[in-house]
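Here are my notes on the model, set out as numbered points so that each can be checked against the coordinates. I begin with the pairing of strands and then turn to single residues and their surroundings.

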Amino acid sequence: MVGARGTGSFESVEDVWQRSGVPRASIEKLADGDAFHAFGNDRRQGLWKVRGLGEAPLPLFAAADRAADSISAEGIEPDVSLRPLTDGREVIEDYRALQLSLRAHPLTFVRDELARRGVTRCADLANIRDGRHVEVAGIILVRQKPGSAKGVLFITIEDETGIANGILWPDRFEAQRRTVMSASMIGMKGRVQKEGEVIHVICDRIIDHGDLLHRVGEMSFPHRTGGGDGARHAGAPDRGDKGWSPEPRNCYWPPHADGMDPEEVVRFKSHDFR
């Protein structure tokens, strides 16, 4: 694609397909990542146009199309008016495709509701005195249980203002294993511990805020307030832990088990170490 672009800028999705020779599946991944926004196509329009392409352009017809500047060129789909995605859905789809978004952080959309629930922003931990009880919420970035930590679990979460680090003692982890290992967005309730510039939340309780995360896809600006383990098997219980057993608290409960459409569940990838 870079080589083909050297002969002149791409002008459309069809132009990328015809000139680059890249498989349609690869172009579809680009569309899913909103790569064709520069052509005036949002993610949904880009995917619509890619789905209208063949598996590979036919060189003879492609050359003829360029020579004749035909308005009925091979693979060019008629314009269709599609309902635009909400701001929140665009962010969710960014995370689904890329695990990041340059538009906004998902928690930006639910901050008003989190504030109503008394949840503190991660960045504000620096201004809270040592020993005070707080709740911070965010998307899980890292879970790690070093071998030298005697069963202590360290969690790093992220909201739109920054990150927060939590510590779960072994008994607290065992009591809340299912939530810790399966939720993508959690609240950490506990006591602030400060040692110099290092700040931790010593967690007493972990809260699953997946319901708020699910609402983001329906939201647009301005915001509206609403009424797992390893990389290979995200969300599964850590069966390597000492004391694991197939008891209800240790069994993975998928987010869609309560009636949520599995296709609507967005899994934010975390980095998990043991």
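1. In this predicted model, strand 1, which covers residues 133–144, pairs with strand 4, covering residues 185–195, in the antiparallel sense, and seven bridges join the two. One of the positions to look at is H133, whose bridge partner in strand 4 is R191.

2. Strand 4 also pairs with strand 5 (residues 198–208), again in the antiparallel sense, and here the pairing runs over 10 bridges. Within this pairing, I186 has D208 of strand 5 as its bridge partner. The two strands, strand 4 and strand 5, form a hairpin that leaves two residues between them, and G196, in the turn, has a positive phi of about 70 degrees.

3. For the wider setting, the protein has 10 helices and six strands. It is made up of 274 residues, of which 42% count as buried. The protein exposes about 15200 Å², and 52% of that area is supplied by carbon and sulfur atoms.

4. Which residues does I155 touch, once its neighbours within four places in sequence are left aside? I155 is found in strand 2, residues 153–159, and its contacts are I140, V142, A164, N165, G166, L168, V180, I186 and M188. Of these, I140 and V142 fall within the range given for strand 1 (residues 133–144), while I186 and M188 fall within that of strand 4 (residues 185–195). As for N165, it stands 10 residues from I155 in sequence, and the C-alpha atoms of the two are 5.7 Å apart in space. The relative accessibility of I155 is 1%, and because buried means under 20%, this residue counts as buried.

5. Helix 2, residues 13–20, is mostly covered, since seven of its eight residues are buried. The buried positions are V13, E14, D15, V16, W17, Q18 and S20, a list that includes the acidic residues E14 and D15. G21 follows helix 2 and has a positive phi, near 75 degrees.

6. D34 deserves a careful look in the loop between helix 3 (24–32) and helix 4 (43–51), where it is found. Its phi is near 65 degrees, which is a positive value in a residue other than glycine. D34 is buried as well, with a relative accessible area of 11%. Leaving aside neighbours within four places in sequence, D34 is in contact with N41, D42, R43 and R103.

7. Q99 is another residue with a positive phi, here of about 65 degrees, although it is not a glycine. It is found in the loop between helix 6 (87–98) and helix 7. Is Q99 buried or partly exposed? Its relative accessibility is 26%, and because the partly exposed class lies between 20% and 50%, Q99 counts as partly exposed.

8. In helix 7, which spans residues 111–116, one residue to inspect is E113. E113 is buried, with a relative accessible area of 2%. The side chain of E113 makes a polar contact with the side chain of R116, at 2.7 Å.

9. The structure holds one aromatic pair. The rings of F36 and F39 have centres 5.8 Å apart and planes at 10 degrees, and because planes under 30 degrees apart count as stacked, the pair is placed in that class. The two partners can also be described by their cover: F36 counts as buried at 5% relative accessibility, whereas F39 is partly exposed, with a relative accessible area of 27%.

10. How many disulfides does the structure hold? The number is zero. Two cysteines can be noted alongside this result: C122 is buried, with a relative accessible area of 4%, and C203 counts as buried at 1% relative accessibility. By its number, C203 falls within strand 5, residues 198–208.

Key. Residues numbered from 1 in each chain as written. Predicted model: local features only at pLDDT ≥ 70, side-chain atom pairs only at ≥ 80, totals over all residues. Heavy atoms only, no water. Phe/Tyr/Trp six-rings, centres within 6.5 Å; stacked < 30°, edge-to-face > 60°. Buried < 20%, exposed > 50% of the residue type's maximum accessible area, 1.4 Å probe, protein only. Helix = DSSP H or I, 4+ residues; strand = E, 2+ residues; numbered from the N terminus. Areas by Shrake-Rupley, 256 points an atom, 1.4 Å probe, with all protein chains shown as cover. Polar contact = N/O pair within 3.5 Å; in protein donor to acceptor, adjacent residues only side chain to side chain. Disulfide = S-S within 2.5 Å. Pairing = 2+ DSSP bridges. Contact = heavy atoms within 4.5 Å.
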